[in-house]
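Biologist: Could you take a close look at the salt bridges in this model, and say how exposed the side chains that form them are?

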Amino acid sequence: MSERSEKGLLVIISGPAGSGKGTVVGKILSSYPQEFCLSVSATTRAPRVGEEHGVHYYFIDKESFEERIEEGRMLEYASYCGNYYGTPAEYVEKKLDEGKNVILEIEVQGALKIKEKLPETVLVMITPPDYATLEARLRGRGTNTEEDILNRLQRAKEELELIGHYDYAVINDDGKAEQAAEQICRICESEKRRVRRQPDFVKRFFS
Ligand code: 5GP
């Protein structure tokens with residue numbers, strides 16, 4: 001990718017459970033580690049097998065989560081299927097100042113809160129090609145209970161109804177996560193070239 005403008009881009013990637021957004025984000029980070037970084041969220045949900053504290057999430061209890069909200073340390077937070085999820089503010093602000101594009105992999109309510117607070121944020125929705133694929137992926141995971149699966153399917157419908165608030169929609173077809181990741185990187189590259197994001201362009205040109 002080409003050179004950076006001064007501040008990084010805040011990129012929110014949402015997608016219903018089963019959209020494969022985690023895989024897509026992983027590909028963006030491994031292909032462009034200099035340009036992108038990922039904010040690790042805090043959550044009150046229990047870790048799944050293989051998930052590590054500080055890597056996949058900061059797994060904290062409800063009391064600590066609420067304490068962080070009160071102290072203003074969360075850029076946003078939302079409740080999802082009975083648990084809190086939130087973005088620690090400090091890391092995001094630091095990385096944006098360093099010129100990195102910061103990815104938040106978060107659900108729709110949190111995304112819309114951030115867009116309201118920080119309108120320059122780019123919102124990307126990743127979806128599977130269709131609903132049947134979404135359900136098959138979710139059941140194929142084998143790590144969720146039936147109740148959780150039904151909750152997540154319901155939530156997926158609600159989230160997709162809000163796609164009109166998003167800037168971009170990207171389809172993650174089976175076995176094509178690489179393609180979806182490239183599309184998102186191109187979106188970010190174009191966003192960074194927007195004139196309004198380069199207020200010093202003319203000054204630099206003549207200096
Ligand atoms: P999961 O339990 O599958 O890891 O995540 C459930 C949902 O919460 C996903 O849609 C995920 O993107 C979202 N999520 C993860 N971290 C955050 C966060 O910090 N804030 C918000 N609002 N949603 C999050």
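Modeller: Glu-120 is a good place to start: with a relative accessible area of 39%, Glu-120 is partly exposed, where buried means under 20% relative accessible area, exposed over 50% and partly exposed in between, using a 1.4 Å probe and protein chains only. The model is a predicted one, in which local features need pLDDT of at least 70 and side-chain atom pairs count only at pLDDT 80 or more, while totals for chains, interfaces and linings use all residues. Residues are numbered from 1 along each chain as its sequence is written, and side-chain values use heavy atoms, with hydrogens and water left out.

The side chain of Glu-120 meets that of Arg-196 in a salt bridge at 3.2 Å, N to O, the term standing for a side-chain nitrogen of Lys or Arg within 4 Å of a carboxyl oxygen of Asp or Glu. Glu-120 lies in the loop between α4 (108-117) and β8 (122-127), and Arg-196 in the loop between α7 (177-193) and α8 (201-206), so the pair ties together parts that are 76 residues apart in sequence; helices (H or I, at least four residues) and strands (E, at least two) are DSSP runs numbered from the N terminus. Arg-196 is exposed, at 52% relative accessible area. Both residues belong to a network of salt bridges that also links Glu-191, Arg-194 and Arg-197.

Within helix α7, Arg-193 and Glu-189 are four residues apart, or about one helical turn, and they form a salt bridge whose closest N and O atoms are 3.2 Å apart. Arg-193 is partly exposed at 31%, whereas Glu-189 counts as buried at 18%. The structure holds 20 salt bridges.
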